[in-house]
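Open the model in your viewer and follow the stops below in order. Each stop says what to select and what is found there.

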Amino acid sequence: ADPDFVRVIAPFMETHCNGCHGGSEPEAKLALDKYKESSNIQEDFGVWEKVGRMLEARQMPPSDQPQPSEEEFQQITKAIDAELDKYD
C-alpha cells in the first residue's frame, strides 16, 4: 500500500470527508468512501484533481463542520498532489 495514501489520505477522508461524501446518498453525488487504495485515484484522476483544489482553497470541509488544522491541510494537499503526480 502507498504510504501517503495509508498514512495521510485515507485517515483524513475518514475523519473529514466520508461522513458527507459516503454511504448510499453522498453529498453532491460524490462518494469518497469507495477509494480504498492509492491506485483508485488513477481511476478517477479528474475527481481527485477537484478534491485537491477544493481542499487547497479551503472550500471543504464546509465551514459548519469541524476543520482540519493548517498542518493537516498542508499534509493532505501535498499527499493528493503526490498521488496525482504519479499518474500525470
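## A tour by selection

Start with C20, in what is a predicted model. C20 is partly exposed, at a relative accessible area of 32%. Now add C17, which is buried at 9%.

How far is the sulfur of C17 from the closest cysteine sulfur? The distance is 8.8 Å, and the partner is C20, so the two are too far apart for a bond. Starting from C20 gives the matching result, with C17 as the closest and 8.8 Å between the sulfurs. A disulfide would need the two sulfur atoms within 2.5 Å. The count of disulfides is zero.

**The core**

Next, select I9, M13, W48, L55, I76 and I80. The largest nonpolar core has 17 residues, and these six touch the most other members. Colour the helices to see where the core comes from: α1 (3-16), α3 (45-56) and α4 (70-87) each supply at least two of its residues.

Keep L55 selected and show its surroundings. Leaving out residues up to four places away in sequence, L55 touches F12, M13, M60, P61, F73, I76, T77 and I80. Two names in that list, M60 and P61, are stops further on.

**The pocket**

Now show the surface and select C17, H21, L32, M60 and P62. Among the 20 residues that line the largest pocket, these lie nearest its centre. The space in this pocket is about 460 Å³.

Which helix gives the largest share of the lining? That is α3, with five residues. Both α1 and α3 supply at least two lining residues each. Colour the lining by residue type and it divides into 13 nonpolar, five polar and two charged.

**M60 and P61**

Select M60 by itself. M60 is in the loop between α3 and α4, and with 28% relative accessibility it counts as partly exposed. Its contacts, not counting residues up to four places away in sequence, are H21, M54, L55 and F73.

Add H16 to the selection and draw a line between the two C-alpha atoms. M60 and H16 are 44 residues apart along the chain, and their C-alpha atoms are separated by 8.7 Å.

Then move on to P61, which lies in the loop between α3 and α4. Is the peptide bond from M60 to P61 cis or trans? The bond is cis, with omega near -10°. Most peptide bonds are trans, and most residues other than glycine have a negative phi. The second part of that statement leads to the last two stops.

**Two positive phi angles**

Select R58, in the loop between α3 and α4. R58 is not a glycine, yet its phi is positive, near 60°. The residue is partly exposed, with a relative accessible area of 31%.

Finish at K29, in the loop between α1 and α2 (39-43). K29 also has a positive phi, of about 55°, although it is not a glycine. Is K29 buried or exposed? K29 is exposed, with a relative accessible area of 80%.

Methods. Residues are numbered from 1 along each chain as its sequence is written. This is a predicted model: local features need pLDDT of at least 70, side-chain atom pairs count only at pLDDT 80 or more; totals for chains, interfaces and linings use all residues. Side-chain values use heavy atoms; hydrogens and water are left out. Buried means under 20% relative accessible area, exposed over 50%, partly exposed in between (1.4 Å probe, protein chains only). A nonpolar core is a set of buried Ala, Val, Leu, Ile, Met, Phe, Trp, Tyr and Cys residues joined through side-chain atoms within 4.5 Å. Helices (H or I, at least four residues) and strands (E, at least two) are DSSP runs, numbered from the N terminus. Contact means heavy atoms within 4.5 Å. On a 1 Å grid over the protein atoms alone, a cavity is a set of points where a 1.4 Å probe fits but cannot get out, and a pocket is an open set with protein on both sides within 12 Å along at least five of seven lines; lining residues have an atom within 4 Å of a point. Grid points are joined across faces, edges and corners, and a volume is the space filled by probe spheres set on the points. Ala, Val, Leu, Ile, Met, Phe, Trp, Tyr, Cys and Pro count as nonpolar, Asp, Glu, Lys and Arg as charged, and the others, Gly among them, as polar.
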